[in-house]
Amino acid sequence: MLEIVRQQMICIVVPGWNGTTDLSEDSPVSTGLYSLFRDVEVVQFASIALLPARADAGDKRPLLMLELAIEEGIDPYDMLYRLVYHWSEAMWSLYSSFWPGDATALRSERNDKLHKMLMKHLSIADGGFIGARDRTARQIEKEQELLEWTRDEARAMKQAMLYGHDRSAFALALAQRAFQNPRFGWALDPAPRSYWRGKGASISAKIGYVLTLFVLWLIAVWLVGAVPRGALGVYTWLFGPPYSGVTDVVAFISRASRWVLGVSIRSVLALLGFGVLVWLFLIALPALSRTWRRWLESVGRELDRPTDTWSSWLTYRIGLLLSVPIAFALVALAFAFIFWPSTIVDAYEALTAKFLGWQIIAFVILAIVVSVCAVGLLSRISQDLAKVGNWFFQPYEDNVPRAQQVDPSIENSEGLVVRETAHMVSLTDLRSPNGWSAWWIRVSLRIVTLFGRVIFTESRLGSAPGIHFGHWHIIEDGRRYLFCSNYDGSFGGYLDDFINGATVGTNLAWRWTTLKPRKLAAVGQPAVEHARSFPPTRFIVFRGVKRELQFKSYARDSMLPHMFRFDARKESVDQINLATRLRDALFGERNDSNDDLIMRAIES
Amino acid sequence: MKAPAAHLAHHFDDIQGMLRSGYGWLQDSRFWLLTIRDGQEIPARAWLAKFVESGVIANANEVGKSRTHPIAKAAAVAFSFSGLIKLGCVEDDIYPFPTPFRSGMGSDARALLLRDNPRAWRWSDVDGDSGDAVHVLIAEWTERGVGPIISRPDETIFSAIQVDNDPCSFRKLEGDNEEKLREAFGFRDGLAQPVIRGLKQDDSVRPRRSEKDKDKKEADALYDDRVVQPGEFILGYRNEYDELTYCPDVKGWGPSGLAKHPGGRFALNGSYLAVRQIEQDVAAFDRFQAVNGKDICNKLMGRQDNGWPLAWKYDPTNPKTDSELDAFRYRVDDANGFICPKGSHIRRMNPRDTLGVDLKSSIKSTKLHRLLRRGRPYREDSNGETRKGIFFIACNADIERQFEFVQQRWARNPSFVNLHADDPFVGSSDPQTFPKALSLPGLPSGGEVSLANFTTTLGGGYFFLPGLAALKFIVSEEGAAKFATSELAEAAAP
Amino acid sequence: MKLSAGTPDAMPPGLRSLTYGIFCWANRHPRALRAIGAVFRLWPFVGGWLGMAVRASAVKGVLTRPNSFSNTAHAANLSAGDYLIGMDPDATYKADRLLLDGRLAVLDATLPAAADLAVRDYVEKLRPLGKKKSFDLIEDYLMWIVFLAMHPLFGEATNRVAAGATGSLDDPGLQRQYLLEIRYVAGQLLAGSSATLRVQRRAELNADALRSRIAGVGQDIQLAWGTSCPFGVIKRNAVGLAWISHPVTVQSGALAVQELLGRPDVHKELRGQAQRLLEMGPNMVWEDEAFRKRVQDHVLELLRFRPIFPLLARDVPRDTEFETGARHNAKCPAGGKMAIWGIAAMFDTAIDKDISQFAPARNWGTNEDLRWLMFGYGTRQCPAMVYAVKILTSALIGLLILPELELARGEGKPITYDGPLMSRMRVSFI
């Protein structure tokens, strides 16, 4: 399920670029690539950038990166096959300098060689998110035509004053005209959507899917035990008991199946238990008690606080002291419950043997009262402290050197596409130990990808809007980290959206990276002269990107300009969504909400 | 932990007064754009030093007391990056100025990023097609009829462009109890300013912060929407990210001992000004108004010409303060722009609570892009022709996140909130984009008007408005200049 | 014609792989399909409920009613665009069919001689391989023989089509690439809409490539065909002809050989006859008509056991019913689909009591037409089936005069599948 997203965004990073190929805007290579991607039709976005070599790399030549964002379901092998074997040979002209003086070989041999090399250096995204470009470029184009046609038609109808003041009559007339226009025959089918964005979009479908999988798993495990047991029973009934070996094996299988069943069910119960605790403390209690809510908010604020203050320092330290033992205890309890449930039962029996029921209840009540008092006291203290002195909340200087600096090449790249989809390429290093960082990043990215695929299906990642594609790659054997993204808006605004709308995901994706000094990849490209580090996080997901200045400087310094860029469509995410909604409204059932949607689409 | 950051309250006397107030009671204003002639750096510094010492540059403390001790005249001085260099300041290696300020609004990169094509500018902050870079911006405000503070800068030292205010811009119309600022098209100007936390504008509405107060007035309920952290406008303080705004430094500042705050950097208490001279084609707008009527014009602006929100019915018997006129939102009452079109000027420039996933996050994100406007309408009479416009000044602390973002993503983005044209007033003046369409949703079957080009930008620049101590450093002989000359001497030394 | 290429997966994750997995498994195990088919034949009303025609009479009935059971069911799987096989019999169909029949008629003159020539060439190439050295029956033998035998379809333009508009004519790699390209497009017809996204997308990619290839050499094709048809018509038919003719024949050949290798007795006996003819003279195997007839009977019988399309689908455009063979007719609601169990019909004991036996020499009598059921039936039967069988007959004769074959050992699985399709079949001489 994640593979389908990950292989939609691929990077081919070939080391040893000798820089002899002209990649300027009007060069034959660039124009060739451009028409290749246009012709192939399934490439949504492509870019080329030069990645400077690592400072400690043997080969000091830069790496050539080709980034491709392609349509859903295409295997990268097939995609590269199609590109490489295209009659125009545009891919060969891009990569031919890796085989200097080898132009005479048979075309098929060249293609095979190139295809093999590209596959070798291929990196499918370790994690990625797709906003509105789950649709094909062809669908986007057609729907955009429909949107524009509808607006023009509406303008003409308004001028003709045929439908005066009645919005629904106007919408109906528009729908009729669209329906009668043979150009839009394709729109009769509802807009195709992938499962999680279409039929499986409802929360019940999502829960249902998980439940179905779990039940199927239980049934399968049960069958593994029950079928041999049943067969043995029938055999014994018919012919008497078989060899003892057979009985033992069946008994073992049967026991193992029962054990797996028990563990599975108890794991789910433990998860549910955690869920209830989370719900209780983070949702139910805050709704009931204002004190608790404010206390929780202030803890969150202090953990996220970007500047150093005594309040935030203390909150973090106390939080560490309290939460780590509690978390350990909870996990230990859960494991005990899952794997050795009898220990809990024994402990409970020992307890009931010692104390009477009312004593236990009294103890629980006492514990609750004490903890409520403790929390109250803490919140009292924190509020009073605010009154006591400013020093507690007074920020301390935290100097970010060389902030708000942008390399001219990056600025130029951004300026050139200011009317289109913006694009960023960021290259950072993994924190050492690399293997450890890479493992954590992969796990985090899989989570981000899963959420992006299943939950955030409305073109927002968390609440960050405007993302077309965003993908992360761990490259060079886990040494470096590549992030490429297409988005609507400006770099700063994009990062603001991430800081405020997807704090957790962004911290997870970046916190195991750092930025080491490196030379420039080519003349006119940025170098990293001073190392930077990702802003420190607290409890893995807090703070980090909330330190805007440091985060933006980090991201800015890690960026590389693109040397070539192809974008199949220039529409913004909102426009793409609007056009799809309009299509479904025009050709869907005639009702008030569809009428209104049509009118609002032409009015926007 | 490192040293504690500066306390805003302790630094009022180092902050230039224009950050605290727009000097609404000083109705005459004048802007000087000075270019220091080559080789005239030392006299220029002396002239500026004399001007600074004359005490006309009000600080925030004086402005704060203006209710009891009114100021009769005030001035502000700001420098473009080339101006700072010209006057001998050398950027620090570790804390250099932000790239947008350094490259200047007039640079080619900014022309792309601000969507300023084509540009036919009379002046800018970089050397180029529009002539030599403007180095110094001086703004002065005086009571009506008092006359200018600066008669005329010395021609041998500076080449100067003078922008005079429009004497008719403060007018009292029916229902007003006092004269109010109106721009050339006749709309109230200067409304909906952000309120700096800890440095409030003199305003008649005081917030009632107590949550127990049940019968809050609407204005108070929405007061927090416009309260913005000081670091969004003044360098060195907490901003909306709860972080201290980045302060650049110059060489020699630390040793000069001028820093008011121990360890404070050069830019502390300063601000950046994004300045644009925007000419307004009043005749074109009047023609448009004659054809389409006043209501449509109000829809373009997003407010009634008297400053009232479109959704409110104007009631002359119940006058409202500027603050009260700012107490409205869109999300619930006008999500689709049926009342105030999504593409109207004020809704683009301040989308309030509309852009995020919910109300809270929307307001939070809008606060990251607020501008403190300090511009004034201007008038220019030449060859018997009167040209009007606005001399736009926006104070901000992060040019990229504030002015440039608003310009690039909101004002001049044709697909802002799914529209298909940019701002009706300050959108691109590229002839290819005309006639421009503005959608007016909610008319019986959807409305659209076709617009002409109402404004043209004549020039612009980024300026740094230093704190008063830093200002002294810039203009003093022994401060910046000494360092710069010693640098030069070092470079010249074998 | 596929309306929107690249439609995202609208099925919950896992379900598609599951159904496609079952589908592929069934295709690779015709015996299992036959067994299920036998059950349905016994109680045809069950198939009726499920919209399946299973008995020979039912299948015949359905396939002779093209107006009620429409070929448009294939349209969704024609990734390279509309073609005869997915059309309703309208004017376009008739015109296209005329054009196609004209092209196929050229083969009358050249087959089987052209196929024999190609086979003899490849036999000589393979003979020196010797024992234990494996080769791929598909890529090293069938693919090329069928390509050469079908040369007249595009005539003078064949090499241009294979090399592409800008490619060099003597680049065998480009020809191979062309043959793979059409295989993937044809694969989609077989795999159907249950195929995994990867398979569908690959077919679409290759279909795009094929269309662009044909568009590039359209002029050459027009010249070779000597027709004045509009360019669009030529393109449509050239694309269709390219992807359906070659891959389906190759795949059938591989299936026939697979079945043959699973029947050592039959294989041995047939080889024995070939050897005897060889002893009589070097060209006797090629010239002896009776032997050729016998081999052809074998090809048909082998394909009966392993048909390339064991199941066929039909659209039901309007409410109708069909005779299942049970007492009551089965209802077919409009908008639904029909499944036709060709594989079960060919084993219907109503045809012959011993139908389940492998008997190439069986006298089908009045049911001779059913013998070709794997190529469809009635008006929409494959118009090229005779030629395909002729080519496969030549190819099989070639294999019979080579040293005896077996599936290669010690190289992992000798047969690799690509979905329901066989993509590789490693064999070696004993």
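**Exercise 1. The contact between chains C and A**

How many residues of chain C are in contact with how many residues of chain A? Work from the predicted model, and then break down the chain C side.

*Solution.*
- Step 1. Count both sides: 30 residues of chain C are in contact with 34 residues of chain A.
- Step 2. Assign elements. On the chain C side, helix 10 (172–191) and helix 11 (197–216) of chain C are the elements that give two or more residues.
- Step 3. Rank them. Helix 11 of chain C supplies the largest share, 10 residues.
- Step 4. Sort by class. This side of chain C holds 12 nonpolar, 12 polar and 6 charged residues.

**Exercise 2. The contact between chains A and B**

Determine which elements of chain A touch chain B, and find the class make-up of that side.

*Solution.*
- Step 1. Count: 51 residues of chain A are in contact with 41 residues of chain B.
- Step 2. List the elements of chain A that give two or more residues. Among them are helix 6 (137–160), helix 7 (167–180), helix 16 and helix 20 (592–603).
- Step 3. Find the main contributor. Helix 14 of chain A gives the largest share, 6 residues.
- Step 4. Sort by class. The result is 17 nonpolar, 17 polar and 17 charged residues on the chain A side.

**Exercise 3. Strand 6 of chain A and its partners**

Work out which strands pair with strand 6 of chain A, and in which sense.

*Solution.*
- Step 1. Locate the strand. Strand 6 of chain A covers residues 422–430, and 8 of its 9 residues are buried.
- Step 2. Take strand 8 (residues 480–487) of chain A. The pairing with strand 6 is antiparallel, over 8 bridges. Here Ser426(A) stands opposite Phe483(A).
- Step 3. Take strand 13 (residues 559–560) of chain A. It runs antiparallel to strand 6, with 2 bridges. Val425(A) has Leu560(A) as its bridge partner there.
- Step 4. Take strand 9 (residues 513–515) of chain A. Again 2 bridges join an antiparallel pair. Asp429(A) faces Thr514(A) in strand 9.

**Exercise 4. Helix 16 of chain A**

Is helix 16 of chain A largely enclosed or open? Support the verdict with residues.

*Solution.*
- Step 1. Apply the cut-off: a buried residue has 20 or more other C-beta atoms within 10 Å of its own.
- Step 2. Count. Of the 11 residues in helix 16 (residues 491–501) of chain A, 10 are buried, so the helix is largely enclosed by the rest of the structure.
- Step 3. Name examples. The buried residues include Phe491(A), Tyr494(A), Asp496(A), Asp497(A) and Asn500(A).
- Step 4. Place the helix. Helix 16 is also one of the elements of chain A that touch chain B.

**Exercise 5. The nonpolar cores**

Identify the best-connected members of the largest nonpolar core, then follow Trp341(C).

*Solution.*
- Step 1. Size: this core has 239 residues.
- Step 2. Residues touching the most other members include Met65(A), Ala53(C), Leu210(C) and Trp341(C).
- Step 3. Helix 13 (residues 231–261) of chain C gives the most to this core, 14 residues.
- Step 4. Leave aside neighbours within four places in sequence. Trp341(C) is then in contact with Gly37(C), Phe40(C), Met52(C), Ala53(C), Val54(C), Val59(C) and Leu311(C).
- Step 5. Another core lies apart, with 122 residues, among them Ile15(B) and Trp121(B).

**Exercise 6. The overall form of chain C**

Test chain C against the rule for a compact globule.

*Solution.*
- Step 1. Inventory: chain C has 18 helices and 9 strands.
- Step 2. Compare radii. For 430 residues the rule expects a radius of gyration near 22 Å; chain C has 21 Å, which agrees.
- Step 3. Add the box. Along the principal axes, the C-alpha atoms of chain C fill roughly 60 × 55 × 45 Å.
- Step 4. Check burial: 48% of the 430 residues are buried.

Key
Residues are numbered from 1 along each chain as its sequence is written. Chains are lettered from A and ligands numbered from 1 in the order in which they are written. This is a predicted model: local features need pLDDT of at least 70, side-chain atom pairs count only at pLDDT 80 or more; totals for chains, interfaces and linings use all residues. Two residues are in contact if their C-beta atoms, placed from the backbone, lie within 7 Å. Helices (H or I, at least four residues) and strands (E, at least two) are DSSP runs, numbered from the N terminus. Ala, Val, Leu, Ile, Met, Phe, Trp, Tyr, Cys and Pro count as nonpolar, Asp, Glu, Lys and Arg as charged, and the others, Gly among them, as polar. A residue is buried if 20 or more other C-beta atoms lie within 10 Å of its own, exposed if 12 or fewer, and partly exposed in between; C-beta atoms are placed from the backbone. Two strands pair if DSSP finds at least two bridges between them. A nonpolar core is a set of buried Ala, Val, Leu, Ile, Met, Phe, Trp, Tyr and Cys residues joined through C-beta atoms within 7 Å. The radius of gyration is taken over C-alpha atoms; the globule rule is 2.2 Å times the number of residues to the power 0.38.
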